[in-house]
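Got your viewer open? Here is a short walk through this entry, one selection at a time.

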Amino acid sequence: MTKKTTGRLKESAIRAFFFACGVLAVIALLGIFATLISTSFPAFKDIKLSEFLLSKNWDPTSPEMEEYGILSMIMSSFIVTLGALLIAVPIGVGVAAYLSDVAHWRVREIVKPVVEILAGIPSVVVGFLGIVLFAPLISKIFNIGHGLTALNGSILLAIMSLPTIISISEDSLTAVPPAYGEASLALGASRWQTLFRVKLPAALSGIIAACMLGMGRAIGETMTVLMATGNARTFPQLPQALLRSVRTMTANIAIELGEVPYYTAHYYALFAIGLVLFVITFVVNLVADVVLHKYQEREL
Amino acid sequence: MSAEALKIRMETRDLDFYYGSKKALDKVNIACYENRVTAIIGPSGCGKSTFIRTLNRMNDVIAGARVEGTILLDGRDIRLPDVDVVDLRRRVGMVFQKPNPFPKSIFDNIAYGLRINGMRDKKRLEAVVEGSLRGAALWDEVKDRLDENAFSLSGGQQQRLCIARALAVEPEVILFDEPCSAIDPIATAKIEDLIETLKKRYTVVIVTHNMQQAARVSDFTAFMMLGELVEFGVTEKIFTNPVNKLTEDYITGRFG
Ligand SMILES: Nc1ncnc2c1ncn2[C@@H]1O[C@H](COP(=O)(O)OP(=O)(O)O)[C@@H](O)[C@H]1O
Ligand SMILES: [Mg+2]
């Protein structure tokens, strides 16, 4: 065999390998989706879809009347996630701006890897922190019976999504061409004005992507919220919701799936919750993608 | 043309510049006259950019950089502690080597310098944007597309947009660092014409490695080598009858 043909063979082999990897990933994804649909579908023989999505009462083991409404859980997931974003986005973007713009490069060189390592802390450890550290603090500060509340979950999820938000936002801020900053400074703008009016807008697509990824992590996180939010099956009324115990969709699945009798309406309903979660995450990612493309078009 | 009758707008005296321990400028004395174009020429790496960037203190941000000597704007040292660098940069505008518009609309690019100073009045913004674009000979080409992204312009147009952006904040001195090195000859000719007009109102300093360009647009020329000023004088004299042998060798193309 000549050198040239071996080269070509090698190349097509490599190409086939990567193609196979891609196909495998798609198949896995479709498989998950199909399983989720087929396992959750039987639930709707016994449960009306409208009741499932719009009722606030979830009581599948009631001796008198079983109830399968997940609105409380959707709302709880929403509140905990929103709270996490409200905490994590300003801090995360602020730290990213500090690292890319203000910090000495040696500080950046040390802080960035440390932040990225934080992403690897097991969620069970974060949940533990919530129980022993933040919950007592919250109960003391707000003078409530116990601190296992939505706020507690939000704080922990914020901590968990900060590494992603900081790291990716910092990357996209660093990727802003220095020429933009120079142009701004040369026009008599201060460093603050340059940061807020030129660098942050230019890095916006990356920052939004960072926040969306952080949000994705927060919505789907299970162990931490299960440990830290009290798991009360009540509908979170909005003004005080952050200081009440809540049960998110993920926590509910994790709590009940271990004890549910197989192939009952309850069993299928838990998968249906999973499907709802999947759809929500999918929509969030889709919206993020659309937003990103819009901005990228405008930038080019 | 006698230099004595002219007013000196900016001037450096025994200017030294260091990047850390590396000396990039050595006792540079150059005067920039009002309503005249001063060209800085010299082989690449001789410190032209370093010099021009000390005039609006753009080198301040470089870690480890150090300036010694005196830089005067209207007779006042711009490095005195009470000089506001933001104000200085408003008075001494700069156009860079590569066109660097912001990723914003044409209008917003030019309005930027005004908005950061708190101007909100739409009417006045519009008036200044139009005036600046006219001043940069770009108005007729873009007047119907002010909302379009600046990146939709050609390279030459982008560079004139950057000039318009600098004009909008009403500077007194405008610094050009090789403004034509990234654009085509026709666009270059337009910018050279523009510089000719600009000098009626402003003090212009231009770095160029194109000697013909220096000869065409400038009234005074400074020739630098290895961080030192070799010769400074009236452009015509530098190009026809230089005092220094090095200058003669450089402009006749014997090196560089
Ligand atoms: N940020 C910097 N840090 C260290 N050295 C630099 C820096 N910028 C320029 N220099 C050095 O200073 C000298 C002059 O550079 P410069 O002013 O850019 O020259 P020119 O514009 O004439 O080509 C060169 O030797 C260059 O390598
Ligand atoms: Mg240069």
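Which atom of ligand 1 does a backbone N or O atom of B:Gly45 lie 2.7 Å from? An oxygen atom, so to speak the opening stop of the tour. Keep in mind that you are looking at a predicted model.

Stay with ligand 1 and bring up its polar neighbours. An oxygen atom of the ligand sits 3.3 Å from a polar backbone atom of B:Cys46, and a nitrogen atom of ligand 1 is 3.3 Å from a side-chain N or O atom of B:Tyr19. On its own, ligand 1 has 560 Å² of accessible area, and the protein covers 62% of that.

Now select the whole shell: B:Tyr19, B:Lys22, B:Ala24, B:Ser44, B:Gly45, B:Cys46, B:Gly47, B:Lys48, B:Ser49 and B:Thr50. Colour chain B by secondary structure, and you'll find that strand S2 (22-33) and helix H1 (48-54) each supply at least two of these residues. The largest share, three residues, comes from H1(B).

Next, hop over to chain A. Select A:Phe128, A:Leu129, A:Ile131, A:Val132, A:Leu133, A:Leu137, A:Ile141 and A:Phe142, and show the surface: together they make a nonpolar patch of about 720 Å². Click on A:Phe142, in the loop between helix H6 (123-141) and helix H7 (150-174). This residue is partly exposed, with a relative accessible area of 40%.

Last stop: A:Ala254, in helix H12 (residues 249-257) of chain A. A:Ala254 counts as partly exposed because its relative accessibility is 39%, which falls between the 20% and 50% cut-offs. Leaving out neighbours within four places in sequence, A:Ala254 is in contact with A:Thr222 and A:Leu226. Draw a distance from A:Ala254 to A:Thr222, 32 residues apart along the chain, and their C-alpha atoms come out 7.4 Å apart.

Conventions:
Residues are numbered from 1 along each chain as its sequence is written. Chains are lettered from A and ligands numbered from 1 in the order in which they are written. This is a predicted model: local features need pLDDT of at least 70, side-chain atom pairs count only at pLDDT 80 or more; totals for chains, interfaces and linings use all residues. Side-chain values use heavy atoms; hydrogens and water are left out. Helices (H or I, at least four residues) and strands (E, at least two) are DSSP runs, numbered from the N terminus. Buried means under 20% relative accessible area, exposed over 50%, partly exposed in between (1.4 Å probe, protein chains only). Contact means heavy atoms within 4.5 Å. Patches are made of residues with over 30% relative accessible area and no salt bridge: like charges are joined within 9 Å, nonpolar side chains (Val, Leu, Ile, Met, Phe, Trp, Tyr) within 5 Å. Accessible areas come from the Shrake-Rupley method with a 1.4 Å probe; for residues, only the protein chains shown count as cover. A salt bridge is a side-chain nitrogen of Lys or Arg within 4 Å of a carboxyl oxygen of Asp or Glu. A residue is near a molecule or strand if one of its heavy atoms lies within 4 Å of it. A polar contact is a pair of N or O atoms within 3.5 Å; within protein, one must be able to donate a hydrogen and the other to accept it, and residues adjacent in sequence count only if both atoms are side-chain atoms.
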